[in-house]
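This report describes a few local features of one protein model. The sequence and structure are shown first.

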Amino acid sequence: METIIVVGGGASGLVAAGILSQSDNYDVIILDQASKLARKVLASGNGRCNLSHTPITMDHYNTNHPLITKIVKEFDVVEFFKKNKMMVRYDHELIYPYSLSSLTVKNTLLSALKDVSIITDCTVYQIIKNNQYEVKTNQGTYYGDKVIIASGSPASELSGVHNLDMLKDFSIKIIPFKESLVQLETKPVYKSLKGQRVKCKASLYDHNKKIDEVSGEVLFTDYGLSGICIMQLSRHIYRLKQPVIHLDLLPEYDLSLLKDYQIEGLYHEKVAKVIIEKQLNIKDLSFKVEKSHGMKHAQVCHGGVSLDEIDHHLQLKKYPGIYVIGEALDVDGDCGGYNLHFAFASGEYVARAIKEEIC
Ligand SMILES: Cc1cc2nc3c(=O)[nH]c(=O)nc-3n(C[C@H](O)[C@H](O)[C@H](O)COP(=O)(O)OP(=O)(O)OC[C@H]3O[C@@H](n4cnc5c(N)ncnc54)[C@H](O)[C@@H]3O)c2cc1C
């Protein structure tokens, strides 16, 4: 019997542990630094847990690496949860648990664990290769034949902030974590608009070059901009020098519409007042991006273990027996279920690879 240590009992780790624990060939141990498992799953989708997206396409991820594409495409989230007796529902292209409760997802993932030892408040800080892998923690050393790193990223800090410190002695490339899917601190700030939502087209520029454009709702805050379309644009910020966001608050029409309508007839009273008082250009309201609102507010991170380091089993090429899944890998996606989809998909894939179902 092989001992498999899973570092991190979040979305990806629980899927891998659940599948492996169903086989008599493995003794599975989950080590997690938190006192409770799956905290990010619980927080996901405002407590409703947007599990995945249909269709799922690679242009919503930071990579189209062939192996990651295969893993993303082959995973059937509906079938996976059906096997685990949980039903899903669709809200347009978004997939949720039928209960619309992330607690159902957490409970489903936990109920798939068979005779798994779960050690909480257990921070892994080093892994050493000997005959077996020695996994050093604040609660002593654990020995595993194989180790699955499913320790996530520091986004939101719900999964800790030392997610990959355990690999510090390994000679592998790790892309530093940078926050993504996060609100933006911008200038100017219109404080009296705080809490107002407006449907718009938001475009992101760097040095006058258009980087991306998204339609949706923007939320004005007292530090800058939020809302789904701003979160989507935030994915690019870490690599830009002079990011500027332009909002078109009248995306379907041109200004000739104002011959027939007044500003007060188009927007919420508070929004209309600011537009009129400050004589704002509703077709092009621009904001300089100062910085992201911080790691604590991010939903995911760029960065993690470089995809150059893994083989076709998601195993470190230089350290066979160590596997990396979920956000611990340098894979991140848009809002809309892409990140949980990859976490579940990579967890399932690695379990199948260990069970030698993948050649
Ligand atoms: C507020 C919020 C809302 C979100 N909503 C959605 C959504 O609706 N849809 C979507 O697709 N994605 C969403 N995401 C992103 C999604 O939750 C994550 O991408 C996903 O949970 C990542 O899974 P993971 O298994 O890689 O990591 P995690 O689920 O973060 O699990 C990592 C685990 O490892 C543990 N750990 C970390 N370091 C150590 C260590 N050194 N030793 C031991 N244990 C360690 C952590 O405690 C944690 O339990 C959201 C994220 C946030 C923060």
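The text below covers a pocket, a strand pairing and a helix.

The model is predicted.

**Pocket.** The second largest pocket has a volume of about 270 Å³. It is lined by 15 residues, and Ile19, Gln22, Phe80, Lys83 and Asn84 are the closest to its centre. By type, the lining divides into six nonpolar, four polar and five charged residues. Four helices, listed in the table, each supply at least two residues of this lining. H1 gives the most, with four residues.

| Helix | Residues | Supply to the lining |
|---|---|---|
| H1 | 11-21 | at least two residues |
| H4 | 77-83 | at least two residues |
| H5 | 102-111 | at least two residues |
| H8 | 338-354 | at least two residues |

**Strand pairing.** Strands E7 (residues 124-129) and E8 (residues 133-137) run antiparallel and are joined by five bridges. One of the bridge pairs links lysine 129 to tyrosine 133 in E8. The two strands, E7 and E8, form a hairpin, with three residues between them.

**Helix H7.** Which residues of helix H7 (residues 269-277) are buried? They are Val271, Ala272, Val274 and Ile275. These residues lie on the same side of H7, because they cover an arc of only 165° around the axis. An α-helix has 3.6 residues a turn, so residues three or four places apart point the same way. The buried residues of H7 pack against strand E13 (197-206). On the face of H7 turned away from the buried side are the exposed residues Glu269, Lys273 and Glu277. Glutamine 279, which follows H7, has a positive phi, near 50°.

Note on methods: Residues numbered from 1 in each chain as written. Predicted model: local features only at pLDDT ≥ 70, side-chain atom pairs only at ≥ 80, totals over all residues. Heavy atoms only, no water. 1 Å grid on protein atoms, 1.4 Å probe; cavity = no way out; pocket = protein on both sides within 12 Å on 5 of 7 lines; lining within 4 Å. Points joined across faces, edges and corners; volume = space filled by probe spheres on them. Nonpolar A, V, L, I, M, F, W, Y, C, P; charged D, E, K, R; others polar. Pairing = 2+ DSSP bridges. Buried < 20%, exposed > 50% of the residue type's maximum accessible area, 1.4 Å probe, protein only. Arc of directions from axis to C-beta. Contact = heavy atoms within 4.5 Å.
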